[in-house]
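What follows is a walk through one protein model, from its overall layout to individual side chains. The sequence and structure come first, and the text then goes through them.

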Amino acid sequence: MDRKTGHRGDGPRVHRPHKDLDVWKLSTELCRDVYELTNRLPAEERYGLASQLRRAAVSIPSNIAEGAARNTPSEFHQFLSIAQGSLAELDTQLDLCANYLNFVQPEDIHKLLDKVERVGRMLTALRRSLKTPK
């Protein structure tokens with residue numbers, strides 16, 4: 001299987017429009033970074049905050065992909081809204097980890113928070129581009 005395209009080589013290729021979106025690409029990087037961070041959290045948080053961080057992070061590119069596969073811009077817009085909500089959830093959980101629960105140093109999440117901000121701006125821009133003029 002081709003890791004980049006997901007194509008097995010047997011049969012027709014399925015069009016995956018989300019893979020062309022820069023916001024999807026960056027959100028998958030963010031997801032990977034969150035998994036790396038959660039590996040450093042205390043073991044007792046494996047089923048608590050670590051699990052919630054991972055679920056929120058996975059939800060972002062997943063909702064972008066599901067929305068991109070939908071039939072109408074309004075459906076895509078709705079899934080981007082859900083992705084934006086998951087991003088806000090992730091931002092809150094990262095803040096809790098570093099600034100309230102002291103599981104990681106604030107410096108350890110600066111790059112993550114930068115990606116959170118970039119993904120947020122990209123989601124907002126993409127949502128605005130889908131709005132139909134009245």
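Read from the N terminus, the elements of the protein run α-α-α-α. The secondary structure amounts to four helices and zero strands. The model is predicted, not determined by experiment. Helix H1 covers residues 22–38, helix H2 covers 49–68, helix H3 covers 73–100, and helix H4 covers 110–130.

Some totals describe the chain as a whole. Of the 134 residues in the protein, 37% are buried. The protein exposes about 8,600 Å², and carbon and sulfur atoms supply 49% of that area. Among contacts with a separation of 6 or more, 66% are between residues 24 or more positions apart.

The interior is the next topic. In soluble globular proteins, nonpolar side chains tend to be buried together. The largest nonpolar core here has 33 residues, and within this core Leu-30 and Leu-90 touch the most other members. Each of H1, H2, H3 and H4 supplies at least two residues of this core. H2 gives the largest share, with nine residues.

Leu-30 can be followed outward from this core. Neighbours within four places in sequence aside, Leu-30 is in contact with Ile-60, Leu-87, Leu-90, Leu-112, Lys-115, Val-116 and Val-119. Leu-90, one of these partners, is the other residue that touches the most members of the core. The list also includes a charged residue, Lys-115, which leads to the salt bridges.

Side chains of opposite charge can pair when their charged atoms come close. The structure holds nine salt bridges. In one of them, the side chains of Glu-29 and Lys-115 meet with an N to O distance of 3.5 Å. This pair links distant parts of the chain, with Glu-29 in helix H1 and Lys-115 in helix H4, 86 residues apart. The two ends differ in exposure: Glu-29 is partly exposed, with a relative accessible area of 32%, whereas Lys-115 has a relative accessible area of 13% and is therefore buried. The pair also belongs to a network of salt bridges that links Glu-29, Arg-32, Asp-33, Glu-36 and Lys-115.

A second salt bridge joins the side chains of Arg-40 and Asp-108, at 3.9 Å from N to O. Arg-40 lies in the loop between H1 and H2, and Asp-108 lies in the loop between H3 and H4, so this salt bridge ties together parts that are 68 residues apart in sequence. Asp-108 is partly exposed, at a relative accessible area of 40%.

A third example involves Glu-66 and Arg-70. Their closest N and O atoms are 2.7 Å apart in a salt bridge, and their side chains are also joined by a polar contact of 2.7 Å. Arg-70 sits in the loop between helix H2 and H3. Both residues count as partly exposed, Glu-66 at 36% relative accessibility and Arg-70 at 35%. Apart from neighbours within four places in sequence, Arg-70 is in contact with Glu-75, Phe-76 and Phe-79.

What does the side chain of Thr-38 reach with a polar atom? A polar atom of this side chain lies 2.9 Å from the backbone oxygen of Tyr-35. Thr-38 is found in helix H1, and at 6% relative accessibility Thr-38 counts as buried. Setting aside neighbours within four places in sequence, the contacts of Thr-38 are with Ala-50, Leu-53 and Arg-54.

The last stop is the surface around the end of H3 and the loop after it. Leu-96, Tyr-100 and Leu-101 make a nonpolar surface patch of about 300 Å². Leu-96 lies in helix H3 and is partly exposed, with a relative accessible area of 32%. In the loop between H3 and H4 is Asn-102. Most residues other than glycine have a negative phi, and most peptide bonds are trans. The phi of Asn-102, however, is near 55°, a positive value in a residue other than glycine. Asn-102 is exposed, with a relative accessible area of 56%.

Definitions and conventions:
Residues are numbered from 1 along each chain as its sequence is written. This is a predicted model: local features need pLDDT of at least 70, side-chain atom pairs count only at pLDDT 80 or more; totals for chains, interfaces and linings use all residues. Side-chain values use heavy atoms; hydrogens and water are left out. Patches are made of residues with over 30% relative accessible area and no salt bridge: like charges are joined within 9 Å, nonpolar side chains (Val, Leu, Ile, Met, Phe, Trp, Tyr) within 5 Å. Accessible areas come from the Shrake-Rupley method with a 1.4 Å probe; for residues, only the protein chains shown count as cover. A salt bridge is a side-chain nitrogen of Lys or Arg within 4 Å of a carboxyl oxygen of Asp or Glu. Buried means under 20% relative accessible area, exposed over 50%, partly exposed in between (1.4 Å probe, protein chains only). A polar contact is a pair of N or O atoms within 3.5 Å; within protein, one must be able to donate a hydrogen and the other to accept it, and residues adjacent in sequence count only if both atoms are side-chain atoms. Contact means heavy atoms within 4.5 Å. A nonpolar core is a set of buried Ala, Val, Leu, Ile, Met, Phe, Trp, Tyr and Cys residues joined through side-chain atoms within 4.5 Å.
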